[in-house]
Amino acid sequence: MSGPCISEARRLRVAVRTLCDFTAREGDLDHRFTPAPSAEEGIAGHAEIARRRGEGYQREVALAGVVEGLEVRGRADVYDPAARCLEEVKTHRGDLSRMAANQRALHWAQAKAYGALLCAERGLAEITLALVYLEVGSGRETRLEQRCDAAELWAFLAALCRRYRAWAKQEAAHRARRDAALQGLAFPHADFRPGQRALAEGAYKAAATGRCLLAQAPTGIGKTLGTLFPLLKAMPRHDLDRVLFLTMKTPGRALALSALRQLEAKGEAGTTAEPGGGPSEAGPERLPLRVLELTAREKACEYPGRACHGEACPLAAGFYDRLPAARQAAVERGWLDREALREVAREQGVCPYYLGQELARWCDVVVGDVNHWFDANALLHGLATANRWRVGLLVDEAHNLVERARGMYSAELDQRRLARLRRSAPPALSRPLAHLARQWQGVVKEAGLAEAGEPGRPAYRVLEGVPEAMVGALQGAASAITDYLGEHPEGGSVELQELLFEALAFTRLAEAFGDHSLCDLARHGRGRALLGLRNLVPADFLAPRFAAAHAAVLFSATLAPPGYHRDLLGLPAQTVWQSVASPFAAGQLEVRIRADISTRLRDREASLSPIVAELAGQYHRRPGNYLAFFSSFAYLEQARVAFAEAHPTIPIWTQVRGMGEPERDAFLARFTPEGQGIGFAVLGGAFSEGIDLPGERLIGAFVATLGLPPFDDFNEALKARLQARFGRGDDYAYRVPGLIKVVQAAGRVIRGPEDRGTVVLMDDRFARPEVRARLPVWWQLPGTLGDAGGPTHTAGPSSGPASQP
């Protein structure tokens with residue numbers, strides 16, 4: 001082994017896979033050889049090969065060596081000492097001959113790197129290397145072998161390390177500069193907001209002790225900056241490799257990037273952020289911090305509708321040949337929000353989406369959606385696991401994670417999609433699709449579901465388990481479609497690909513089926529059935545993700561009761577609960593309860609008149625901008641029509657189903673400081689959380705619902721499952737998620753220390769003690785209103801952290 005002293009090599013470490021990914025990739029980006037096996041399928045495939053090899057074989061062989069000043073480490077899959085044969089195992093789907101040559105070359109590079117380390121460690125003069133490809137659908141094994149000389153393998157590995165060493169030294173120098181700067185990082189404002197310091201201290205302690213923090217903190221204290229600042233301070237002191245700021249929606253990313261701009265400017269140094277962009281490059285005090293914003297592929301794509309390979313897209317052709325220069329240009333720029341990343345990609349002629357995927361390996365702070373860590377095939381979780389990163393997670397608006405995670409680990413099959421596809425499918429797929437269609441009919445028949453609308457017979461049923469014959473047919477169809485797409489990469493329709501992805505998602509979840517999920521069938525008419533695998537308790541899937549992070553801070557204005565989130569998210573046993581006292585002064589928020597109104601379905605018609613009177617009365621007492629929330633679009637429309645007829649001179653605007661981003665922006669644009677009127681919206685929708693309308697832009701909110709999920713067969717099944725597992729079925733299925741929505745909607749009103757506003761809760765159930773106990777403590781509700789002209793109850797300051805309901 002050659003190179004500089006061991007002390008330097010210890011600073012310059014690299015995993016074999018990272019080394020080869022960095023140095024051995026060349027040619028086109030090519031994603032025609034899809035869909036690739038999932039991470040779980042890859043692990044299972046490796047285990048299957050190990051099982052087949054039997055006794056005498058060594059598995060997961062740890063290897064390490066100092067090569068050209070780098071400490072190179074990795075684990076070889078399988079080694080047979082008797083035959084002196086090292087196997088590198090790869091899983092795949094479809095025809096192996098369709099694999100791109102540059103992908104095969106990468107696999108050989110990994111095998112040779114492991115072979116070089118093994119020969120050096122065990123004093124071997126030569127070794128046999130084998131690439132073992134396992135087709136996950138059929139279990140077929142394909143073996144490719146090379147007999148290699150140890151000296152040649154070492155020369156090959158040394159060449160890779162020389163190519164990587166300059167980058168490694170650059171990265172080590174960047175890490176040293178970053179950590180030195182973060183040691184002296186100062187808060188960008190003269191002082192913390194009330195409550196913000198307590199949150200920041202809690203977040204820092206979580207990073208310092210390697211724990212999970214569940215932090216409930218009121219709107220308006222600056223939660224984004226109050227969590228980012230302490231995690232950045234903790235990076236050098238507690239050896240964090242990455243900070244990941246994960247959001248539920250696009251506005252959350254914008255808030256995180258805004259906070260990072262303030263921190264990047266190093267407030268006390270006097271540099272400033274450029275309007276609408278990253279920190280100024282001109283000032284010498286720019287924080288040496290690499291920030292990356294991850295966006296979805298469909299939003300980043302420069303050539304929508306084109307396939308991701310060199311023959312179809314100019315940015316995919318020669319992608320890996322241009323990647324080194326693009327990567328270097330990007331890290332030198334440092335600030336890589338969506339537009340900055342796009343500029344670099346355009347200058348270098350590469351795909352911005354896949355450039356972002358590459359830079360996730362090299363940036364200090366990554367801002368992106370929660371799916372990048374928690375989804376089954378999450379990019380950031382995969383990178384952290386492979387590279388053994390110490391990660392600090394920040395999860396914004398964490399009250400939404402239960403529902404988001406349920407969606408990540410649920411799947412649905414549409415009978416109509418299959419019927420449409422069968423009419424246009426190629427002949428090679430007719431037999432497996434026909435078999436799948438027969439299984440569909442069998443599932444519907446066995447469930448005994450009538451067509452929708454027939455009296456006395458349900459159109460929905462929770463099945464006792466996953467229909468195994470249906471899953472078998474799905475696996476057969478998925479394998480056939482994959483083979484077909486492998487042979488005809490340009491011949492797959494969108495419908496064919498969608499069915500394939502549905503089938504793969506469903507079969508993967510079926511393999512992990514347990515009491516965390518249910519299987520249900522809904523029939524909306526002849527040939528219109530939906531078969532679903534619905535996750536109910538995401539904890540089983542999320543617990544390993546939290547365990548993989550060094551520390552995690554989940555924060556929101558509505559995280560009580562903490563037991564709900566601990567149970568359903570699978571948070572570690574030592575998770576800390578923190579409730580930050582509200583900073584708002586007495587008199588800022590007038591809260592009224594209309595206990596004379598029932599918004600139950602049977603009382604909807606009777607509720608319209610008093611609701612209309614309440615809205616109009618409050619508007620006339622204090623004209624300005626208001627939001628009125630209802631439980632459904634149907635209820636909203638009833639109230640809107642009644643209000644417009646009774647008060648045609650009061651301006652109103654309305655949320656409608658399926659509003660796109662321009663329509664949502666137009667809705668919010670009506671809330672101007674000088675404006676007046678009432679926006680009608682649905683509770684739990686786009687306008688009940690995650691929007692910021694400070695000051696006179698919004699002075700009040702009406703909530704005409706308790707926010708409870710609908711009382712239907714699914715939610716009753718959910719209630720029963722949660723009762724059996726946690727003993728809190730009614731709370732966890734109905735009350736807690738409903739009141740979270742209510743408090744989130746009410747939280748739109750007071751956004752800062754100068755705001756004044758009104759919240760009117762319109763339903764008699766808000767007067768019940770068990771419901772009032774779960775409303776924010778600082779609201780202080782001593783009584784209720786019997787009519788619109790009764791006494792007003794004004795919220796006062798919080799006397800301390802909210803107690804757990």
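## Cys519 and its strand neighbours

In this predicted model, Cys519 stands opposite Leu533 in E16. Over on E14's side, Leu463 stands opposite Cys519 in E15. At 0% relative accessibility, Cys519 is buried.

The rest of E15 follows suit. Seven of the seven residues of E15 are buried, so the strand is largely enclosed by the rest of the structure. Ser517, Cys519, Leu521 and Arg523 point one way from E15, while Leu518, Asp520 and Ala522 point the other way.

## The antiparallel sheet

E15 belongs to an open sheet of four strands, ordered E13-E16-E15-E14, with antiparallel pairing. At the edges are strand E13 (411–414) and strand E14 (460–463); each has a single partner strand, so one side of each has no neighbour in the sheet. Ignoring direction, neighbouring strands here are turned by 20 degrees against each other on average.

Strand E15 (residues 517–523) and strand E16 (residues 529–535) run antiparallel and are joined by seven bridges. One of the pairs puts Arg523 with Ala529 of E16. Five residues sit between the strands in this hairpin, and Gly525 takes a positive phi near 140 degrees. E14 and E15 also run antiparallel, joined by four bridges.

## The parallel sheet

There's also an open sheet of eight strands, in the order E10-E9-E11-E8-E12-E17-E7-E18, and here the pairing is parallel. Strand E10 (335–336) and strand E18 (576–579) are the edge strands, each pairing on one side only. Inside that order, strand E7 (residues 212–216) pairs with strand E17 (residues 551–556) in the parallel sense over five bridges. Gln216 has Ser556 in E17 as its bridge partner.

Helix H7 (residues 223–237) packs on this sheet, where it touches strand E8 (242–247), strand E11 (365–369), strand E12 (391–395) and E17. The direction of H7 makes about 165 degrees with that of E8.

## Nonpolar cores

Which residues touch the most other members of the largest nonpolar core? They are Trp373, Phe374, Leu401, Leu521, Leu531 and Leu554, out of 156 residues in that core. Leu554 makes a good worked example: leaving aside residues up to four places away in sequence, Leu554 touches Cys212, Leu213, Leu214, Ala215, Val395, Ala398, Leu401, Phe546, Leu559, Leu569 and Leu571. Apart from this core lies another, of 39 residues, including Ala206, Leu231, Leu232 and Val243.

In soluble globular proteins, nonpolar side chains tend to be buried together.

## A helix and a loop residue

Helix H19 (residues 494–511) has 18 residues and spans 26 Å from its first C-alpha to its last, close to the 26 Å expected at 1.5 Å a residue. Its buried residues include Leu496, Leu499, Leu500, Glu502 and Ala503. Further along H19, Leu504, Phe506, Thr507, Leu509 and Ala510 are buried too.

Leu775 lies in the loop between helix H27 (769–772) and strand E25 (793–794). Is Leu775 buried or exposed? At 4% relative accessibility, Leu775 counts as buried. Leu775 touches Leu739, Val743, Leu761 and Leu781, again not counting residues up to four places away in sequence. Leu775 and Leu739 are 36 residues apart in sequence, but 7.7 Å apart in space, C-alpha to C-alpha.

## Cysteines without disulfides

How many disulfides does the structure hold? Zero. Take Cys313: the nearest cysteine sulfur, that of Cys351, is 6.5 Å away, whereas a disulfide needs the sulfur atoms within 2.5 Å. Cys313 is buried as well, with a relative accessible area of 11%.

How values were computed:
Residues are numbered from 1 along each chain as its sequence is written. This is a predicted model: local features need pLDDT of at least 70, side-chain atom pairs count only at pLDDT 80 or more; totals for chains, interfaces and linings use all residues. Side-chain values use heavy atoms; hydrogens and water are left out. Helices (H or I, at least four residues) and strands (E, at least two) are DSSP runs, numbered from the N terminus. The expected span of a helix is 1.5 Å times one less than its number of residues. Buried means under 20% relative accessible area, exposed over 50%, partly exposed in between (1.4 Å probe, protein chains only). Two strands pair if DSSP finds at least two bridges between them. Contact means heavy atoms within 4.5 Å. Axes are lines fitted to C-alpha atoms, for helices over the stretch in contact, and angles run from 0 to 180 degrees between N-to-C directions. A nonpolar core is a set of buried Ala, Val, Leu, Ile, Met, Phe, Trp, Tyr and Cys residues joined through side-chain atoms within 4.5 Å.
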